[in-house]
Amino acid sequence: MSSLETTVLVTGGAGFIGSNFLLHSVRRHPRCRFVNLDKLTYAGNLRGLEALSNGDPHVFVRGDVADATTLDDVFERYRPSIVVHFAAESHVDRSILGPADFVRTNIEGTFQLLEACRRHFPRGEGLFHHVSTDEVFGSLGETGAFHEGTPYDPSSPYSASKAASDHLVRAYHRTYGLPIKITNCSNNYGPRQFPEKLVPLMIMNALEGRELPIYGEGKNVRDWLYVDDHCDAIWAVIERGRVGETYVIGGRAERRNVEVVELVARLVAEETGVAPETILERRRFVADRPGHDHRYAIDPSKIERELGWRPRESFVSGMKKTVRWYLENEAWVDEVRTGEYRRWIEANYGRRGGEAA
Ligand code: NAD
Ligand code: TYD
């Protein structure tokens, strides 16, 4: 018999935040078994999880959150009492080019997972922790910040699909009494992020001598949070947050995109000995994203006050760690750039792979 007391089902655990969450959690929560259910889309990369072997306390199952049979198999076999739902299509630009996968995974997938919790959790027990984004609130002007009561006003198919999933999660609490918690976090950065997002794209392009594409005039503002600080916040909410509540999470680190790109360029220059100007002169202002939200900002007073959570990293210390990780993990970077990580996944995990549910 295993001495592990709690089974946590982590969906999307091969993605950027999910993989960081698993690495973070296995060390700090030795009494938990983590079942990682991931479909392994282009964004799922198990190479980042090689430090965890497949078998207690981390069990990998390849599967789709929108598939009810897979979910029944996983719930019957592992009997999780906590679900942390990361699995999603997550890139705004992809959602503009092809929204269908976003509707299927983010809305239908969340619906199927909620239904599975309703079928398998004893009534009023268990926990569904929904990991969501500040993008559901739409765009801010020059002042103000999102808080738990901000009305939803999503702009992209991505944020609209996440908004729909948040509404479903809340409705399952009010209607069926399912114990849920929701977190809406600002932009994350850190190790293992796929280079279609701003920070890893700029780091990899700066390292490889490529152009640095900045949408529009680069004046859009995001609030940035180091991924481990997000993971800490999720655990604070799981352990001490109130059931049925929402917590917004942010780093009090608002930056315009041009400032982010400049910091990345300077840090890469510092680490590699290349002159910063050589990197900075490759900035290119390119066509803007349609419906590009101008500004996101978070007022994290509730999670700070109620749960005592604070980020450990400043924007500069977190970015330094991130740039170093990309420099020290050339193999990961090369495999992502060449697509080799996909061949490795198919060779090792096949169409379903992992512990078949
Ligand atoms: P990601 O795109 O890096 O990873 C998503 C993971 O989900 C991948 O491993 C992918 O294979 C998996 N997946 C996709 N469809 C699936 C399906 N149908 N069934 C099972 N697995 C599936 O995303 P991320 O950046 O790690 O984001 C994780 C979650 O956090 C998302 O819900 C996102 O909305 C939310 N979030 C992200 C950020 C951010 O800045 N990245 C900020 C706030 C909230
Ligand atoms: P992104 O990392 O895609 O996150 P999100 O759209 O979820 O905020 O983009 C962050 C910001 O950077 C956003 O304002 C768009 C901008 N951006 C660029 O200017 N150039 C790029 O190549 C990318 C990918 C994003």
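In the predicted model, helix α6 packs against helix α8, which spans residues 257-272. The two axes lie 10 Å apart and meet at an angle of about 40 degrees. Angles under 35 degrees count as roughly parallel and those from 65 to 115 as roughly perpendicular, so α6 is oblique to α8. The crossing of α6 past α8 is right-handed.

Helix α6 also takes part in a ligand site. Residues 198-208 form this helix, and at least two of its residues belong to the shell around ligand 2. Strand β8, residues 212-215, likewise supplies at least two. The largest contribution to this shell comes from β8, which gives three residues. In total, 16 residues surround ligand 2. Glu135, Leu198, Arg222, Arg289 and His292 are the closest. By class, the shell holds six nonpolar residues, five polar residues and five charged residues.

Polar atoms of the protein approach ligand 2 from both backbone and side chain. Leucine 198 places a backbone N or O atom 2.8 Å from an oxygen atom of the ligand. Tyrosine 215 also uses a backbone N or O atom, at 2.9 Å from an oxygen atom of ligand 2. Arginine 289 uses its side chain instead: a polar atom there lies 2.6 Å from a ligand 2 oxygen. On its own, ligand 2 has 510 Å² of accessible area, and the protein covers 96% of this area.

Ligand 1 occupies a shell of 28 residues. Ile17, Asp38, Ser90, Tyr158 and Lys162 come nearest to this ligand. The shell divides into twelve nonpolar, twelve polar and four charged residues.

Three polar contacts illustrate how the protein meets ligand 1. The side chain of aspartate 38 has an N or O atom 2.6 Å from an oxygen atom of the ligand. Glycine 15 contributes through its backbone, with an N or O atom 2.9 Å from a ligand 1 oxygen. A polar backbone atom of threonine 41 is 3.0 Å from an oxygen atom of ligand 1. The protein covers 97% of the 840 Å² of accessible area that ligand 1 has on its own. Four elements give two or more residues each to this shell: helices α1 (16-28) and α5 (157-176), and strands β5 (127-133) and β7 (187-189). Strand β5 provides the largest share, with three residues.

Two backbone features fall in loops. The peptide bond from aspartate 56 to proline 57 is cis, and its omega is near 5 degrees. Proline 57 sits in the loop between strand β2, residues 32-38, and strand β3, residues 58-62. Arginine 192 has a positive phi, near 70 degrees, although this residue is not glycine. Its loop runs between β7 and α6. Both flanking elements of that loop recur at the ligand sites. Strand β7 gives two or more residues to the shell around ligand 1, and helix α6 supplies at least two to the shell around ligand 2.

How values were computed
Residues are numbered from 1 along each chain as its sequence is written. Chains are lettered from A and ligands numbered from 1 in the order in which they are written. This is a predicted model: local features need pLDDT of at least 70, side-chain atom pairs count only at pLDDT 80 or more; totals for chains, interfaces and linings use all residues. Side-chain values use heavy atoms; hydrogens and water are left out. A residue is near a molecule or strand if one of its heavy atoms lies within 4 Å of it. A polar contact is a pair of N or O atoms within 3.5 Å; within protein, one must be able to donate a hydrogen and the other to accept it, and residues adjacent in sequence count only if both atoms are side-chain atoms. Accessible areas come from the Shrake-Rupley method with a 1.4 Å probe; for residues, only the protein chains shown count as cover. Ala, Val, Leu, Ile, Met, Phe, Trp, Tyr, Cys and Pro count as nonpolar, Asp, Glu, Lys and Arg as charged, and the others, Gly among them, as polar. Axes are lines fitted to C-alpha atoms, for helices over the stretch in contact, and angles run from 0 to 180 degrees between N-to-C directions. Angles under 35 degrees count as roughly parallel, over 145 as roughly antiparallel, 65 to 115 as roughly perpendicular and the rest as oblique. A crossing is left-handed if the near helix is turned anticlockwise from the far one by less than a right angle, and right-handed if clockwise.
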